[in-house]
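Reader: I would like a close look at one part of this model, the sheet, and then at what packs around it. Please keep it plain and give the cut-offs for the terms.

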Amino acid sequence: MKFFVDTAEIDAIAELNELGIVDGVTTNPSLIKKSGRDILEVTREIADLVDGPVSAEVVATEADAMIAEGRKLATIAENIAIKLPLTWDGLKACKTLSSEGHMINVTLCFSANQALLAAKAGATFISPFIGRLDDINLDGMQLIADIRQIYDNYGFETEILAASIRTVNHVSEAARIGADVMTAPPEVIRKLAQHPLTDKGLDQFLKDAEAAGIRIV
Ligand code: E4P
């Protein structure tokens, strides 16, 4: 499973990137707003920092304007994935821009039928939003499973990018189902390393090491 970081905060991306666990980055207009940075400037910095795909989202709503914005975003760096919302116009823009050879991340996916359309329009990634479905008492993880089955039934190569991940359980469940990629905020990625039994066990080992006078270097 590939790990993308869902943020536009350079320091957080750099820290995780040093660990070698960052396969890409996703941003959206809300994350750009939170960073307080200019979209073109911060996206360029992120794309320089990581080797994998960096999703940058258009803000136009009509296909022609989305295509123009997508082409501009793609000039930032070779590893830009143009992020388009799952609307009819977004699908038209997806078809055009993917035919030109650009990576496309179709975002705001909330149904299996939407995912089917995105794959047929040539999306590189489909982003089903798990957390936002859970927020309204629907089953985000079931959507990941449905899309996995449909894509496998027909051999679609569009990668399932589990998005809107809020908990560590979302990560392991999406991995179990076979999502190709997950994108999560840095704090959720850091939490993946935590377990109370690890802390408890280490505490005991350190006490025993001290009592035994163990010194290694
Ligand atoms: C990723 O591409 C999405 O923009 C992001 O995961 C949305 O997450 P949220 O629902 O927590 O805002």
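Which residue in β2 stands opposite F4? Please start from there and work outwards.

Author: F4 stands opposite G24 in β2. Before going on, note that this is a predicted model, in which local features need pLDDT of at least 70 and side-chain atom pairs count only at pLDDT 80 or more, while totals for chains, interfaces and linings use all residues. Residues are numbered from 1 along each chain as its sequence is written, and side-chain values use heavy atoms, with hydrogens and water left out. Helices (H or I, at least four residues) and strands (E, at least two) are DSSP runs, numbered from the N terminus.

F4 and G24 belong to a pairing in which strand β1 (residues 2-6) and strand β2 (residues 24-26) run parallel and are joined by three bridges. Two strands count as paired if DSSP finds at least two bridges between them. Strands of a sheet pair through backbone hydrogen bonds, either parallel or antiparallel. Here eight strands close into a barrel with parallel pairing, in the order β1-β2-β3-β4-β5-β6-β7-β8. On average, neighbouring strands of this sheet are turned by 30° against each other, direction ignored. Such angles are taken between axes, which are lines fitted to C-alpha atoms (for helices, over the stretch in contact), and run from 0 to 180 degrees between N-to-C directions.

The next step round the barrel is from β2 to β3, a parallel pair held by two bridges. In β3, S55 is the bridge partner of T26. The side chains of β3 alternate: V54 and A56 point one way, S55 and E57 point the other way, and all are buried. Buried means under 20% relative accessible area, exposed over 50%, and partly exposed in between (1.4 Å probe, protein chains only).

β3 and β4 also run parallel, with four bridges between them. E57 has K83 of β4 as its bridge partner. K83 has a relative accessible area of 4%, so K83 is buried. Leaving aside neighbours within four places in sequence, K83 is in contact with T26, T27, N28, S55, A56, E57, V58, N105 and T107. Contact means heavy atoms within 4.5 Å. The T26 and S55 on that list are the residues that bridge β2 and β3.

Helices lie over this sheet. Helix α3 (residues 39-49) lies across β2, β3 (54-57) and β4 (80-85), and runs at about 170° to β3. Helix α5 (residues 88-99) lies across β4 and β5, at about 155° to β4.

Helices also pack on one another. Two packed helices are described by the angle between their axes and the distance between the axes. For α6 and helix α8 (residues 140-154) the angle is about 40° and the axes are 9 Å apart. The two helices α6 and α8 are therefore oblique to each other; angles under 35 degrees count as roughly parallel, over 145 as roughly antiparallel, 65 to 115 as roughly perpendicular and the rest as oblique. On the α6 side the contact is made by A112, A115, L116 and A119, and on the α8 side by L143, D146, I147, I150 and Y151.

Aromatic rings come next. Rings of Phe, Tyr and Trp (its six-membered ring) pair if their centres lie within 6.5 Å; planes under 30 degrees apart count as stacked, over 60 as edge-to-face and the rest as tilted. The count by this rule is four aromatic pairs. One of them is F110 with F129, edge-to-face, at 5.6 Å centre to centre and 65° between the planes. F110 is in the loop between β5 (103-109) and α6 (112-120) and F129 in the loop between β6 (125-128) and α7 (130-135), so this pair ties together parts that are 19 residues apart in sequence. F110 counts as partly exposed at 32% relative accessibility, whereas F129, at 8%, counts as buried. The rings of Y151 and F156 have centres 5.7 Å apart and planes at 65°, so this pair too is edge-to-face. Y151 is buried, with a relative accessible area of 1%, and F156 is partly exposed at 22%. Y151, Y154 and F156 form one aromatic cluster.

Two loop residues remain. N137, in the loop between α7 and α8, has a phi near 65°, a positive value in a residue other than glycine. S164, in the loop between β7 (159-162) and α9 (168-177), also has a positive phi, near 55°. N137 is exposed, with a relative accessible area of 74%, but S164 counts as buried at 9%.
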